[in-house]
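These are my notebook entries on a single structure. I record below what I looked up, item by item.

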Amino acid sequence: MTLYRKFTSEEQINLEYNAVLAVPDLHRYVDQDIEASRFVKSEFDCHLDQAYGAGSDETIDIFPAKDPDSPILFFIHGGYWRSLSSQDFSFVARGLVESGVTVAMPNYSLCPEVSMTKITEQNRAALAWLYLHAEKYNGSRDRIFVSGHSAGGQQAAMLSLTDWASDFDLPGNVIKGSMPISGIFDLSPLYHSWLQPSLKLTDATILSQSPMLQLPKQAPPMLVSVGGDESAEFVRQSTDFVSAWRNNAVPGILNTLDGKNHFSVIQDLYVKDSPLCKSIIEFMQQCES
């Protein structure tokens, strides 16, 4: 029996979607990220655990750029919606702040304690809070961009689909551009994966939380990045999502980073002159031109 596309077993799906299985030395990346995040929090101006909501998990970490009215990158962390926190990804702020961008990193509750729908609601609320408080952190509310890695990539795309005028009484174009990294845009295969006991996906959740299944007629331009050494399904998801975005008359660019896996690709944001960091800065500039 076919479960999803050509896959007939949970094991086959896990091999494609469990990125941990694709790298033999995961601890090396984890250790590097921990040390880099520690450095950024100690050496850069930062405002940690700013409350955007009443929940204990509803906080946001902000790394201001040096100059006022800077563009803001709202970066959503990964962890398959069930692990990690914003402060595990503080390292991504370094290259961006050094490039003149204020970085805001929301935290959110995790599955299975909350649903994926709740996570999306929290990240939307965090961005609405950021819009109201941007100037305090040298950011411009009129220059907000969103990004995120892995699960955060799915979240960045979901924020790009938000009706900000109706839901939050904000400008409809509050997001000027969206830059998901290694995202999962169709959640359907995860229903048959090792993640299902934690995510508790239903047909309704898959439909409402899969950006691929909620394509808009109007949305911000999209730059989708993915590592060239990621699994075939991660690459395909990004490729198909960009194609669908374009086919719906919304600008979309696929950015494949050769030699990068699911964990090394995000480390590029630690380095100002890395291909990923430069492509994000260039894309932000293009969106504002």
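**Entry 1. Strand pairing**

How many bridges join strand E5 to E6, and do they run parallel or antiparallel? I worked from a predicted model throughout. I found six bridges between strand E5 (residues 139-149) and E6, and the two strands run parallel. As one pairing within this arrangement, I noted that Phe145 has Gly177 as its bridge partner in E6. I then looked up E6 against strand E7 (residues 222-227) and found two bridges, again in the parallel sense. Here Ser178 is partnered with Met222 in E7. I also checked how far E6 is covered: six of its seven residues are buried, so I entered the strand as mostly covered.

**Entry 2. Aromatic pairs around Tyr80**

I searched the whole structure for aromatic pairs and obtained 10. Why is the pair of Tyr80 and Trp81 classed as tilted? The ring centres lie 6.5 Å apart and the planes meet at 55°, which is why the pair counts as tilted; edge-to-face would require over 60 degrees. I recorded Tyr80 as buried because its relative accessible area is 11%, and Trp81 as buried because its value is 0%; the cut-off is under 20%.

Tyr80 has a further partner in Trp194, and that pair is edge-to-face, with 5.2 Å from centre to centre and 80° between the planes. I located Tyr80 in the loop between strand E3 (70-76) and helix H3 (93-98), and Trp194 in the loop between strand E6 (175-181) and helix H7 (196-199). The two residues are 114 residues apart, and the pair thus links distant parts of the chain. Tyr80 and Trp194 are both buried. I entered Tyr80, Trp81 and Trp194 as a cluster linked by ring pairs.

**Entry 3. Charges over rings**

I looked up arginine side chains placed over aromatic rings. The charged end of Arg28 sits over the ring of Tyr29, at 4.5 Å from the ring centre. The charged end of Arg94 sits over the ring of Tyr270, also listed at 4.5 Å from the centre.

**Entry 4. Gln50**

I placed Gln50 in strand E1 (residues 47-51). A polar atom of the Gln50 side chain lies 3.1 Å from the backbone oxygen of Leu48. Setting aside neighbours within four places in sequence, I listed the contacts of Gln50 as Glu58, Thr59, Ile60, Trp129, Lys136 and Tyr137.

**Entry 5. Helices H4 and H5**

Does the span of helix H4 agree or disagree with the span expected at 1.5 Å a residue? Helix H4 (residues 116-133) has 18 residues and should therefore span 26 Å; the end C-alpha atoms are 26 Å apart, which agrees. I noted its buried residues, among them Met116, Ile119, Trp129, Leu130 and Tyr131. Trp129 also appears among the contacts of Gln50.

I next examined helix H5 (residues 151-160), where 10 of 10 residues are buried. Those residues include Ala151, Gln154, Met158 and Ser160.

**Entry 6. Helix H9**

Helix H9 (residues 232-247) has 16 residues and reaches 22 Å from its first C-alpha to its last, close to the 22 Å expected at 1.5 Å a residue. Its buried residues include Glu233, Phe234, Arg236, Phe241 and Trp245. Which elements do the buried residues of H9 pack against? I found helix H1 (10-17), H5, E7 and strand E8 (252-257). After H9 comes Ala249, for which I noted a positive phi, near 70°.

Definitions and conventions
Residues are numbered from 1 along each chain as its sequence is written. Side-chain values use heavy atoms; hydrogens and water are left out. Rings of Phe, Tyr and Trp (its six-membered ring) pair if their centres lie within 6.5 Å; planes under 30 degrees apart count as stacked, over 60 as edge-to-face and the rest as tilted. Buried means under 20% relative accessible area, exposed over 50%, partly exposed in between (1.4 Å probe, protein chains only). Helices (H or I, at least four residues) and strands (E, at least two) are DSSP runs, numbered from the N terminus. A charge sits over a ring if NZ of Lys or CZ of Arg is within 6 Å of the ring centre and within 35 degrees of the ring normal. A polar contact is a pair of N or O atoms within 3.5 Å; within protein, one must be able to donate a hydrogen and the other to accept it, and residues adjacent in sequence count only if both atoms are side-chain atoms. Contact means heavy atoms within 4.5 Å. The expected span of a helix is 1.5 Å times one less than its number of residues. Two strands pair if DSSP finds at least two bridges between them.
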